[in-house]
Structures are given as C-alpha cells and as structure tokens.
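Here are some short exchanges on how labels for a structure are justified. Each answer sets a value against its criterion.

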Protein chains: 2
Amino acid sequence: MRFVLAIGSTHTATIDGISAAGASADLLFHTPAADAEIVEYGRPVRAPVTPVSPSGCPTPAVITRSVRELIDFDVLVIEAGLAVSTAAPTIQMANEPGEDIRECVSVPAATEVFERARDLGGRLPDEELIIGESIPGGTTTALGVLSALGEPFGVSSSMKENPLALKREVVAVGVKASGLAYGAASDAPLEALRTMGDPVLTAVAGVVVGALDAEKRVILAGGTQMLTAAATVRHFGVCDPLELATTAYIAREGDVDIKGVSDDLDIALSVTDPKFEQETHEELRAYDDGEAKEGVGMGGALFVAEREGVPMSHVRDQTISCYERLVNDNG
Amino acid sequence: MRFVLAIGSTHTATIDGISAAGASADLLFHTPAADAEIVEYGRPVRAPVTPVSPSGCPTPAVITRSVRELIDFDVLVIEAGLAVSTAAPTIQMANEPGEDIRECVSVPAATEVFERARDLGGRLPDEELIIGESIPGGTTTALGVLSALGEPFGVSSSMKENPLALKREVVAVGVKASGLAYGAASDAPLEALRTMGDPVLTAVAGVVVGALDAEKRVILAGGTQMLTAAATVRHFGVCDPLELATTAYIAREGDVDIKGVSDDLDIALSVTDPKFEQETHEELRAYDDGEAKEGVGMGGALFVAEREGVPMSHVRDQTISCYERLVNDNG
C-alpha cells in the first residue's frame with residue numbers, strides 16, 4: 001500500500017469566508033506545505049506554521065501522521081500547484097496554483113497535469129493506493145466541478161458552519177465566466193476540471209484513472225472533495241471498483257448524503273470513527289464539534305488503522321502525543 | 001535515522017572514458033533517476049533503463065534497496081541537477097546539471113545550492129542522517145575539488161580499471177580554465193565546489209554542514225566521493241565528529257588508502273563486506289571482481305544492516321531477489 005497525498009493551492013481560497021485555512025494568509029499559503037511535512041516528518045520542517053484552527057483544532061495531517069507512526073506506510077507527496085515550497089519530498093505534477101474559479105479558466109494546464117498524473121498512477125508499483133489531499137478552498141472548487149459535471153450533490157466544509165451559500169455564489173460567477181451551463185461538461189470532465197477545478201483535484205483524478213486502468217485497488221481518502229474526484233472519474237467513463245474512506249464527522253454531517261451519493265456513483269464507502277469525544281483533550285474534541293472533519297487523507301489513515309487491528313484508543317493517544325510535539329516545537 | 005540520497009548529473013561524465021554509466025548515453029542521463037526510483041519503489045518506474053554495467057553488474061541501488069526491504073528506513077531523495085526527471089519524490093536543491101569541469105565554472109549556483117542544502121540539513125527532524133549519492137562522473141569532479149582544496153588523495157572508479165590518468169588530465173584542464181592553482185581554494189571550499197565540483201557534492205556538503213551544526217550524527221555512505229565531501233566539510237572549518245561507511249570493495253582497492261585518509265581527516269571509518277563472492281550469482285560476483293564497488297549509499301546501507309544484526313547472507317539473498325525482479329520487469 002502507498003499513501004498518496006496531493007497538495008496544492010487555488011486562488012479561490014483567498015475569497016473572504018471560503019476557507020478555514022484562509023483565516024490568516026499565512027495559513028492559507030503554508031497549510032498544504034506544512035501538512036505534507038507533518039505526514040512526512042512528524043512536524044513542520046520548513047513551513048513557518050502549524051495548521052491549527054483559531055480554536056486550536058489541529059490539521060487532520062496530525063491524525064494521518066499518527067497512524068503512520070503506528071503502522072509504517074509508504075508516502076508519496078504529489079505537488080499540484082503549491083504557492084510556497086515544502087521540505088517534504090514531492091513529485092511535481094503542476095507548477096502553478098489554480099486560478100480563482102470566478103475567472104474563465106481555473107487550471108490552464110489541466111490536460112498536462114491530468115496526463116502526467118495518469119501516467120504516474122499507472123506506473124506506481126503498488127497494488128493498492130490510498131489517496132488524500134490538502135488544498136485550502138478545495139471544497140469550493142469541488143462544488144464548481146460538480147456543477148460543470150451536472151452532479152447534484154453538495155460539499156462539506158472544514159469550518160463548523162459551512163458557508164455553502166457563499167460557495168454556490170462563487171460557483172455561479174465561475175460558471176458564468178466559463179460559459180458552462182450546469183452539467184454542460186458532463187461528457188467532458190477534463191473541461192470541468194480546467195474551467196472550475198483546481199490542480200489537486202485534477203492530479204487526483206489523473207492518478208485514479210491511471211491506477212484503475214492498471215488494475216490497482218484505489219481508495220480515495222477524504223470527504224466531499226474526494227467524492228467529487230470519484231464522480232469525475234466516473235464521468236471519464238471509468239467503471240472499475242472504487243472506494244471512499246471517510247470519517248464519521250463527514251458521514252454524520254447534514255450537508256451531504258455521502259452514503260447515498262456513494263451508492264449512486266457505485267463507490268464502496270467506509271466510515272471510520274476515531275471517537276475523539278472520548279478524550280478530555282479539548283482540541284481533538286473540536287472534531288466532534290464539527291471542525292476540520294476530514295482532509296490530508298485522515299479517513300483513509302483511520303481506515304487502514306482499523307483494518308490493521310489498531311484500536312482507536314491507540315490512534316487517539318498517538319494523535320495527542322503528536323499534537324503536543326507540534327505545539328511544543330512551536331512554543 | 002533517515003537515508004538521504006543526493007542525485008544529479010554533471011556534463012563531465014560525457015567525456016569519453018570517464019564514467020561506467022557513460023558507456024551509453026541513456027545510462028548516463030537516466031542512472032541517477034533510475035537509482036532513486038529503485039531505492040524508493042524497488043524498481044525503475046519512469047526511468048527507461050535499469051542501470052547494469054555491460055557485464056550485467058547491477059547498480060548499487062539494488063543493494064541499498066534490498067537492505068531497505070529488510071529494515072524499513074525513511075528515504076529522502078535530494079535532486080541536485082538531474083538531466084532527466086525521476087518518478088521518485090524529491091526535494092529540489094539544484095535545477096541545472098553541473099557543467100564540464102574543463103570549463104571555467106562547473107556549478108554556477110554553488111552558493112545557493114550549498115545554502116539551501118545547509119538549511120535543510122539543519123531542519124530535518126532526525127538525530128542521524130546517512131547520506132549517499134548517485135552522479136555519473138562524480139569521482140572526476142571529486143578529484144577536481146580535491147585538487148582545488150589541495151588534498152593529495154585520489155579517487156576510485158566504478159569501472160574495473162580506474163581511468164585515473166584520464167581523470168587527472170581532465171582535472172588539469174579544469175584547474176587551468178578556472179585559474180585555480182593546486183590548493184588555491186584550501187580556505188574557500190565553496191569556490192572549489194563552484195569551479196571544480198558538481199551539484200551533488202555541493203548539496204551533500206551543505207546537508208552535512210547543516211546537520212552537524214544541528215548536532216546530528218552524520219554518516220557519509222560511499223567511497224572516495226563521500227570522502228571528498230568529508231574533506232570539503234573539514235575545509236569549511238567544521239571539526240564535529242563525522243563518519244564514513246563504505247564497502248570492502250572500496251577499502252581493498254589500491255588507488256586510495258581510504259583508512260589513512262580518513263584518519264588524516266578525523267573521519268571514523270566503517271567498512272562492511274557483503275561477501276558477494278560467496279554467491280554463485282555471477283552478476284553480484286562482479287563486485288568482488290572490482291566492478292561498481294560503491295554508490296547510492298550502498299556502504300551505509302550495509303553498515304545499517306550489520307548494526308541491526310541482519311546477516312549478510314540475508315542481504316545477499318534479498319539482493320538477488322531484487323535484481324531478478326528488475327531484470328524480469330525489463331525482460
């Protein structure tokens with residue numbers, strides 16, 4: 001098994017109110033780089049920030065890293081349009097961050113990024129890939145792609161209150177700018193990615209299509225962004241078995257019927273509950289309160305932990321120790 | 001422990017007769033990329049070649065990978081001037097391959113590469129780094145740097161017959177072009193790297209200086225190129241403990257008194273003998289016959305295997321199985 005993490009940026013995230021990471025410009029730009037460093041090294045190495053929400057809720061990278069400390073798995077970070085560099089080793093798939101989807105085109109190099117990623121997905125030697133993402137603003141671009149594809153489901157948020165009305169407004173502006181009516185790219189998923197997507201979603205779709213074509217088992221690890229990646233793959237006409245591993249925090253959220261949508265797309269769904277509410281550690285309990293919910297492949301990491309028989313209490317303990325290491329490092 | 005592998009190219013390698021990898025242009029350009037993929041994935045993934053010598057002797061990457069399959073260790077590939085891209089995840093330290101050292105300047109960006117690498121070496125979270133290299137032509141550039149530093153020892157070769165006279169001739173042309181008399185850069189090691197070195201040696205020196213400054217244990221893994229890196233670090237005025245882990249094939253070679261030089265430089269030397277002559281596998285026995293000898297951190301990987309109590313017979317078995325996998329993949 002190899003854990004693939006696609007990281008990047010989209011200028012869409014700079015729209016006021018869109019992204020939790022956007023609460024500060026520093027977090028916005030450095031979060032994907034820091035997330036990759038946390039998964040790779042256990043703490044930020046070059047990134048000047050530790051991604052925590054204003055309430056202290058840590059990035060899901062901490063949970064993914066903690067599982068990795070319990071079950072050593074291989075990691076491959078795919079760089080898909082970072083705004084700042086990361087000290088994690090990466091394979092470069094896209095050089096430029098995505099444009100604001102309110103512009104006419106959001107991923108000008110979508111075809112090259114997709115093809116490069118597809119090639120890589122087919123070449124990786126592993127029989128199983130678990131694929132996660134870190135891109136602030138990514139649920140908004142996902143909503144844009146869903147609109148272009150004509151998929152009716154919505155997206156969640158890493159914030160407690162999902163600014164869904166704002167996201168729909170942004171998407172509406174983008175759809176108009178791109179000249180793409182709702183569902184107009186149903187048979188042209190690359191066009192949906194190019195006009196309304198982001199480089200991370202584009203790279204993820206490419207890796208998945210390539211890996212499925214090479215008969216690998218593919219598990220998308222995440223929430224509605226990864227469900228959007230799955231939908232995009234289906235619009236490419238790929239019918240192979242495909243899985244989504246997500247957290248209970250996504251599954252129990254009211255905004256999206258993740259089970260129903262997965263069924264409709266013929267995606268096998270796994271939901272893992274780390275039960276952070278059983279801890280006295282307030283920052284982790286924020287997850288139970290609706291913060292963060294998913295990201296950086298957290299659902300996939302928890303899925304693997306459960307599959308390997310690691311008790312969730314061990315995952316929680318490791319997460320707390322990893323979190324404290326991060327906070328003390330920065331203190 | 002983290003195993004750091006610096007990969008790159010120098011145009012010096014294209015000089016007829018300099019490099020074993022230079023026997024074919026394909027191997028010359030693709031060897032470092034393929035070596036990184038072998039260490040990372042167990043086989044070339046994007047590189048179109050499997051680096052074997054004309055006699056079938058496999059790249060030392062196979063041995064390093066085999067040890068990694070026995071004792072899982074973290075790998076960090078540093079890209080320092082690759083001529084072609086690799087599918088291994090990397091951190092980019094230098095964008096351009098080194099120039100032919102017969103030119104006036106061989107690493108125009110030496111200062112930036114060194115500083116970037118020094119910063120990284122200090123930031124890595126590990127208490128111990130083991131550092132190897134893959135750069136065709138690297139012993140010739142090493143000889144160039146030694147000449148600029150005024151270090152009297154020579155270099156070995158991955159070929160059975162070391163073309164040392166040719167290397168000295170190339171270095172003499174380079175020294176003249178750079179206007180640097182023998183030993184003229186004794187107090188200016190960055191100048192030695194810039195005029196006579198290659199980007200890999202520059203990045204390795206940077207990582208080592210940064211890591212030692214951060215009080216890490218550093219083990220250079222390799223032969224005379226890594227000994228040159230050690231010498232360069234000493235010329236930077238760094239007196240911290242430093243180690244070299246190499247193979248018996250380097251230690252028993254007549255061209256360089258690796259023990260004597262290590263002592264002179266205050267480098268603790270470890271020599272590991274994988275005893276390939278005990279195998280019937282002809283391609284591995286080529287090592288005993290003086291081919292390849294070292295590279296891609298092989299000596300360091302063997303050192304770690306021995307430290308972890310892995311019998312060399314296991315390393316040999318794993319190497320044979322890894323080699324056969326590679327050959328069959330390409331067959």
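Q: What share of the 331 residues of chain A counts as buried?
A: In this predicted model, 65% of the residues of chain A count as buried. The label needs under 20% relative accessible area.

Q: What makes the radius of gyration of chain A agree with that of a compact globule?
A: A compact globule with 331 residues would have a radius of gyration near 20 Å. Chain A has 18 Å, so the value agrees with the rule. Its C-alpha atoms fill a box of roughly 50 × 40 × 35 Å along the principal axes.

Q: How many helices and strands does chain A have?
A: The count for chain A is 13 helices and seven strands. A helix run needs at least four residues, a strand at least two.

Q: Of the contacts in chain A between residues at least 6 apart in sequence, what percentage joins residues at least 24 apart?
A: The figure is 79%. A contact here means heavy atoms within 4.5 Å.

Q: Why is a space in the structure called a cavity?
A: The name applies because a 1.4 Å probe fits there but cannot get out. The structure holds six cavities of 30 Å³ or more. The second largest has a volume of about 150 Å³. Among its 14 lining residues, the closest to the centre are A:E40, A:R68, A:V75, B:E40 and B:R68.

Q: Which strands each supply at least two residues of that lining?
A: They are β2 (74-80) of chain A and β2 (74-80) of chain B.

Q: How many residues of each class line the second largest cavity?
A: Eight are charged, six are nonpolar and none is polar. Glu and Arg count as charged, Val as nonpolar.

Terms used. Residues numbered from 1 in each chain as written. Chains lettered and ligands numbered in written order. Predicted model: local features only at pLDDT ≥ 70, side-chain atom pairs only at ≥ 80, totals over all residues. Heavy atoms only, no water. 1 Å grid on protein atoms, 1.4 Å probe; cavity = no way out; pocket = protein on both sides within 12 Å on 5 of 7 lines; lining within 4 Å. Points joined across faces, edges and corners; volume = space filled by probe spheres on them. Rg over C-alpha atoms; globule rule 2.2 N^0.38 Å. Buried < 20%, exposed > 50% of the residue type's maximum accessible area, 1.4 Å probe, protein only.
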